[in-house]
Each structure stands twice: as C-alpha cells, then as structure tokens.
Amino acid sequence: MGSETPLKLPIIDFSNLGQNPGAAEWDLVKLQVRKALEEYGCFEALFDKIPAESRKAIFGAVEELFDLPLQTKMRNASKKPYHGYVGQYPQVPLFESMGIDDANIAEEVESMTTILWPQGNQSFSNTVLSFSEQVSELDQIVRRMIVESLGLEKYLDEHMNSTNYLLRVMKYKGPQTTETKLGLTAHTDKNMVTILYQNQVDGLELQTKDGCWIDLKPTPDSFIVMIGDSLHAWANGRLHSPYHRVMMRGNEARYSVGLFSVPKAGYIVKAPEELIDEEHPLLFKPFDHVKFLGFYYTEAGQRAQSALKTYCGV
C-alpha cells in the first residue's frame, strides 16, 4: 500500500503538564505516550514551553548554516557517522545534514560555531543552545514517562544519565518536479529518542507495523517524537522502532531539526531483568551503541533488514 493511507499519528498535549509525576494529568499523558509508542513508535507532541520566537529563530539559523560554502561546512567533521557534515551523496542528492554534539552545553556549541565562523556568531550559538535546552525538556519528560510506565523507576537516574544530546539539522532540496523523489532512504533511528521539528514543507513518511506508509503532516506548532533502536532494545521490544523516510516533490526546500538522545560511548544498552520473562524472552544481547553504529554503516549493516537483529539479536 502507498502513502495515501489516511491513518494519523496520535497527538499528545504536554502543555501545562508541569514536572509532577503522580498527578492525574501526568498519568493520563503517560498512558497516551505508552500506547502510541507500542503501536506506532511515534507521536505528535504539543509542547508550549518553546516560545514562537525560538521556533522561528532556529530555522533562520539553519538556513544561515546551509548557505555557507561547501568547504566551510565540511570543516564540521566527526569520527562518528552522521555527527558531522553529510552531503554530496549520489544516492540521496537532495539531502544534506550537519550535526552539533552536546548541543545543550554552551561551550560545545560555541566551539562548533567557531569552526564554521572563526570570527564568531553569537546569534547562531544562542539560538542553537536555547532551542536544544528547551527540546531536551520534552525528551526528559517522555523518557521519564516511558521508564515509569514500564515500572522501572529504580533505573530512572541511570537511564537519564546514559545519553548525550546531538542536534542534527537537515536540508532537503526541492526536486523542482511534481514527481516524488527520494529525500532520505527508509531507516530506523539508532539512538534512544528523536524529537523532530520541521518547517511547513511536508515529506516525512512513517511505516506502520503492517507495512503501510503514512504521510506525516504535523501542525506548525508540534514536534514529532520517535523511538530509536537503542530504546527498542532497552525496553526488550515493548516499544516499536519505526521505519521512516523522506519523499520530496515541488520546488521548496524542506528544513528539519532533530534532537537525538544518544547513548554515551562505553555505555552498554541492555534490557533490565524485570522486562525478561517466559512471555518476553530476551531479544537483544547487551551492546555498545557506538560500536553498533559502526556496524550499521558497514556494507553488511546497510544490507541487513534489521541491523539491530543482525548485530546483537538473540
């Protein structure tokens, strides 16, 4: 079936929630989060703690970044795949992206900014830092709710401290045609949680468990929250890690900004023993995320239907 499927993602409102686990409102939202992530691995989030000026500013900063000369952008290099500048790939000619590690830490953002603008660019640094800090609040609420909903509160601190934040900014050029062209190939994310914010040029599609593709058309004020393979493995398969892709048509460029909670190097992702029983046998052996990522970008990893199962499936 094609992407015309009229299914819609659940919309979950985190506004006016407060940080008060145990309150009736918190428990209600927590239940919605758990159900959405079991069924779709993804939902649309309304989160009013990020002001309109911050949302608008981030796209100004993203456009300024991608307007830099190619040689300048390539100075943003990283040993970790997809953490530095990505572009000029013949298989996805419309796509380029840039990563900013530890985007919620002022010194790290300043350091990356100086690589691209040796003379400094305080406005860019401030915008990236502020946006990342605000979106990381939503990440922490969602992950806290996941841990609570699984009855694993004793692991909460360990889980929350196991990740760093990577901000990835992405540009998909309009293909200048009414035909649909591939912006980014179908894949699952490899991290814990991804929170995406896009300009109003659609293109993101999500595959449901039964193989249908849904066109995601979030409202201008909402975020897409999605589970990655690391959280799928940590939850021993109880939460779904969905395949998604970007398909482009028309003339306008699509910009999106993703905050990725990524397991720290050396941290071993493993399902808590409470989630393993006769009904739910262990699905994945413990693994180091950085090494898993390294495997994913090998030829065997790219060929595998599920890199996670191939790498560490039981």
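Visitor: Which residue just after H5 takes a positive phi?
Guide: This is a predicted model, in which local features need pLDDT of at least 70, side-chain atom pairs count only at pLDDT 80 or more, and totals for chains, interfaces and linings use all residues. Residues are numbered from 1 along each chain as its sequence is written, while side-chain values use heavy atoms and leave out hydrogens and water. Just after H5, a positive phi of about 70 degrees is taken by Gly151.

Visitor: How far apart are the end C-alpha atoms of helix H5?
Guide: Helix H5 (a DSSP run of H or I, at least four residues, numbered from the N terminus) covers residues 122–149, which makes 28 residues. Its expected span, 1.5 Å times one less than its number of residues, is 40 Å. That agrees with the separation of its end C-alpha atoms in the model, 41 Å.

Visitor: Is Gln71 buried or exposed?
Guide: Gln71 is found in helix H3, residues 70–73. Its relative accessibility is 60%, and since buried means under 20%, exposed over 50% and partly exposed in between, with a 1.4 Å probe and protein chains only, Gln71 counts as exposed.

Visitor: What distance separates the C-alpha atoms of Gln71 and Leu116?
Guide: Along the chain, Gln71 and Leu116 are 45 residues apart. In space, however, the separation of their C-alpha atoms is 9.8 Å.

Visitor: How much of the span 162–263 is strand?
Guide: An unreviewed UniProt entry places the feature "domain: Fe2OG dioxygenase" at residues 162–263. The end C-alpha atoms of this span lie 6 Å apart. Its helix content is 6%, and its strand content (DSSP runs of E, at least two residues) is 56%.

How values were computed. UniProt positions are given in the numbering used here, feature names are shortened, and annotations may be inferred rather than shown by experiment.
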